[in-house]
Amino acid sequence: MEKNKITLAVMAAGMGSRFGGLKQIEPVGPNGEIIIDYSVFDAKKAGFDKIVFIIKKEIEKDFRQVIGKRIE
């Protein structure tokens with residue numbers, strides 16, 4: 001019997017106007033980790049099989065460039 005697949009939807013469309021940039025791709029960890037690195041790590045550890053990021057079209061290029069490669 002195949003187990004149920006669990007997908008996590010991450011709302012990452014915020015432009016970070018108060019922050020002054022895309023906070024989703026700003027390094028915060030000691031080795032350049034970004035917040036989404038920690039979120040994905042925890043999600044996989046919790047049993048999620050797939051992660052879907054909800055973003056704005058305007059940030060797609062930067063998002064894919066920084067996050068796409070490291071999460072794939």
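Here, buried means under 20% relative accessible area and exposed means over 50%, with partly exposed in between. Keep that scale at hand, because Arg64 comes out at 54% and so counts as exposed. One caveat before we go on: this is a predicted model.

Let's stay with Arg64 for a moment. Its partner is Glu60, and the closest N and O atoms of that salt bridge are 2.9 Å apart. Why do these two end up within reach of each other along the helix? They sit 4 residues apart in helix 2 (residues 60-71), so about one helical turn separates them. In general, an α-helix has 3.6 residues a turn, so residues three or four places apart point the same way.

Glu60 has a second partner, too. It forms a salt bridge with Lys57, where the closest N and O atoms are 2.8 Å apart. Lys57 is exposed, at 65% relative accessibility. Put together, Lys57, Glu60 and Arg64 are linked in a network of salt bridges, and the count for the model is 2 salt bridges.

Now look at helix 2 as a whole. Its buried residues are Glu60, Phe63, Ile67 and Gly68. Seen down the axis of helix 2, the buried residues fall within an arc of 110°, so they line one face of the helix. That buried set packs against helix 1 and strand 2. Turn to the face pointing away from the buried side and you meet the exposed residues Lys61, Gln65 and Lys69. The geometry has a quirk: helix 2 has 12 residues, but its end C-alpha atoms are only 14 Å apart, short of the 16 Å that a straight helix would reach at 1.5 Å a residue.

Phe63 deserves a closer look, since it is buried at a relative accessible area of just 8%. How many aromatic pairs does the model have? The count comes to 1 aromatic pair. That pair is Phe53 with Phe63, arranged edge-to-face at 5.3 Å centre to centre, with 65° between the planes. It links distant parts of the chain, with Phe53 in strand 2 (residues 50-54) and Phe63 in helix 2, 10 residues apart.

On to helix 1 and its span. At 1.5 Å a residue its 12 residues should cover 16 Å, and its end C-alpha atoms are 17 Å apart, which agrees. The buried residues in helix 1 are Ile36, Asp37, Val40 and Ala43. Around the axis they cover an arc of only 135°, which puts them on the same side of helix 1. What covers them includes strand 1, strand 2 and helix 2. The face turned away from the buried side carries the exposed residues Phe41, Lys45 and Ala46. After helix 1 comes Gly47, whose phi is positive, near 110°.

Asp37, in helix 1 (residues 35-46), is buried at 18%. Leaving out residues up to four places away in sequence, Asp37 touches Arg70 and Ile71.

Last stop: Ala13, in the loop between strand 1 (7-11) and helix 1. Ala13 is partly exposed, with a relative accessible area of 23%. Which residues is Ala13 in contact with, leaving aside neighbours within four places in sequence? They are Gln24, Ile54, Ile55, Lys56 and Ile59. The C-alpha atoms of Ala13 and Glu58 are separated by 9.2 Å, although the two residues are 45 residues apart along the chain.

Key:
Residues numbered from 1 in each chain as written. Predicted model: local features only at pLDDT ≥ 70, side-chain atom pairs only at ≥ 80, totals over all residues. Heavy atoms only, no water. Salt bridge = Lys/Arg side-chain N within 4 Å of Asp/Glu carboxyl O. Buried < 20%, exposed > 50% of the residue type's maximum accessible area, 1.4 Å probe, protein only. Helix = DSSP H or I, 4+ residues; strand = E, 2+ residues; numbered from the N terminus. Phe/Tyr/Trp six-rings, centres within 6.5 Å; stacked < 30°, edge-to-face > 60°. Contact = heavy atoms within 4.5 Å. Expected span 1.5 Å × (residues − 1). Arc of directions from axis to C-beta.
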